[in-house]
Amino acid sequence: MFVPRSAFVTKGVGKHREKLTSFEMALRDAKIAEFNIVKVSSIFPPTCKLIPLSRGLKRLKPGQVIYCVMSENSTCEPHRLIASSIGIAIPKDPNRYGYLSEHHSFGQTDSAAGDYAEDLAAYMLATILGVEFDPDKSYDEQKEVWRISGHVVRTMNVTQSAVGDKNGLWTTVITAVVFLP
């Protein structure tokens, strides 16, 4: 059984006249194009630690199968704003699991998409724990943490936005949380 012990976040943008190639270019920009990617659902494992991208990449080999939560978005409309974001909600207690939420949107800035994804991750964690959650009352702005039914939860996001190419090339944005053994 594979339970990840560490993970890293990455993001990228790609442009090309072919949609698939723009996706490939976004993977290259995110530095994960040389791996076989398997998308998984949204649980951040207990005791899993976030590590820097550079450290995570050193642990991988070209062709290796990697598991990740990925969000992506594409457009071929000139000047259209697109975003891809993953919200991350990790309980302070390392023995509890966290939650990752994928969000992709049109017309949202990095900040707006990232905040939405973070709120969504906190909400999804609360609902999977079966507790009440009020986003207006659960967030401690001074400490920048959520308080969900007695649990302290830290949130963050990885977000990539881009404006559609002015000449109508496909523009793709991706964000990913990559899991490592």
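What is the volume of the largest pocket? In this predicted model, the largest pocket has a volume of about 150 Å³, and the legends below take up its lining after an overall view.

**Figure 1. Overall view of the predicted model, with its helices, strands and confidence.** The protein has four helices and 11 strands, and 43% of its 181 residues count as buried. Among the contacts that join residues at least 6 apart in sequence, 75% are between residues at least 24 apart. The average pLDDT of the protein is 90, and 87% of the residues score at least 70. Residues 140-144 are a stretch where pLDDT stays under 50, and for this stretch the model has three contacts beyond four places in sequence. Where pLDDT is low, the predicted coordinates should not be read in detail.

**Figure 2. Close-up of the largest pocket and the residues that line it.** The volume of this pocket is about 150 Å³, and of the 14 residues in its lining, Phe44, Cys48, Lys49, Ile90 and Pro94 are the closest to the centre. Two or more lining residues are given by each of the elements β4 (49-50) and β6 (81-91). By residue class, the lining of the largest pocket divides into seven nonpolar, two polar and five charged residues.

**Figure 3. Close-up of the largest nonpolar core, which has 16 residues.** Within this core, the residues that touch the most other members are Phe8, Ile32, Met70, Ile174 and Val178. At least two core residues are supplied by each of α1 (19-29), β5 (65-75) and β11 (170-180), and the largest share, four residues, comes from β11. Leaving aside residues up to four places away in sequence, Val178 touches Ser6, Ala7 and Phe8, together with Thr10, Ile32, Ile66, Tyr67 and Cys68. A second core, separate from this one and made up of 11 residues, includes Ala7, Val69, Ile90 and Phe179. Ala7 is thus a member of the second core and is also touched by Val178, while Ile90 belongs to the second core and is one of the residues closest to the centre of the largest pocket.

**Figure 4. Close-up of Pro4, in the segment before β1 (6-16).** Is Pro4 buried or exposed? Pro4 counts as buried because its relative accessible area is 9%, which falls under the 20% cut-off. When residues up to four places away in sequence are not counted, Pro4 touches Pro45, Cys48, Phe179 and Leu180. Of these contact partners, Cys48 is also among the residues closest to the centre of the largest pocket, and Phe179 is included in the second core. The C-alpha atoms of Pro4 and Tyr67 are 9.2 Å apart in space, although the two residues are 63 apart in sequence.

**Figure 5. Close-up of two loop residues with positive phi, Lys31 and Thr47.** Most residues other than glycine have a negative phi. Lys31, which is not a glycine, has a positive phi of about 70°, and Lys31 lies in the loop that runs between α1 and β2 (36-39). Thr47 likewise is a residue other than glycine with a positive phi, here near 60°, and its place is in the loop between β3 (43-44) and β4. Lys31 counts as partly exposed, with a relative accessibility of 48%, and Thr47 also counts as partly exposed, at 45%.

Notes
Residues numbered from 1 in each chain as written. Predicted model: local features only at pLDDT ≥ 70, side-chain atom pairs only at ≥ 80, totals over all residues. Heavy atoms only, no water. Core = buried A, V, L, I, M, F, W, Y, C linked by side-chain atoms within 4.5 Å. Buried < 20%, exposed > 50% of the residue type's maximum accessible area, 1.4 Å probe, protein only. Contact = heavy atoms within 4.5 Å. 1 Å grid on protein atoms, 1.4 Å probe; cavity = no way out; pocket = protein on both sides within 12 Å on 5 of 7 lines; lining within 4 Å. Points joined across faces, edges and corners; volume = space filled by probe spheres on them. Nonpolar A, V, L, I, M, F, W, Y, C, P; charged D, E, K, R; others polar. pLDDT = per-residue confidence, 0-100.
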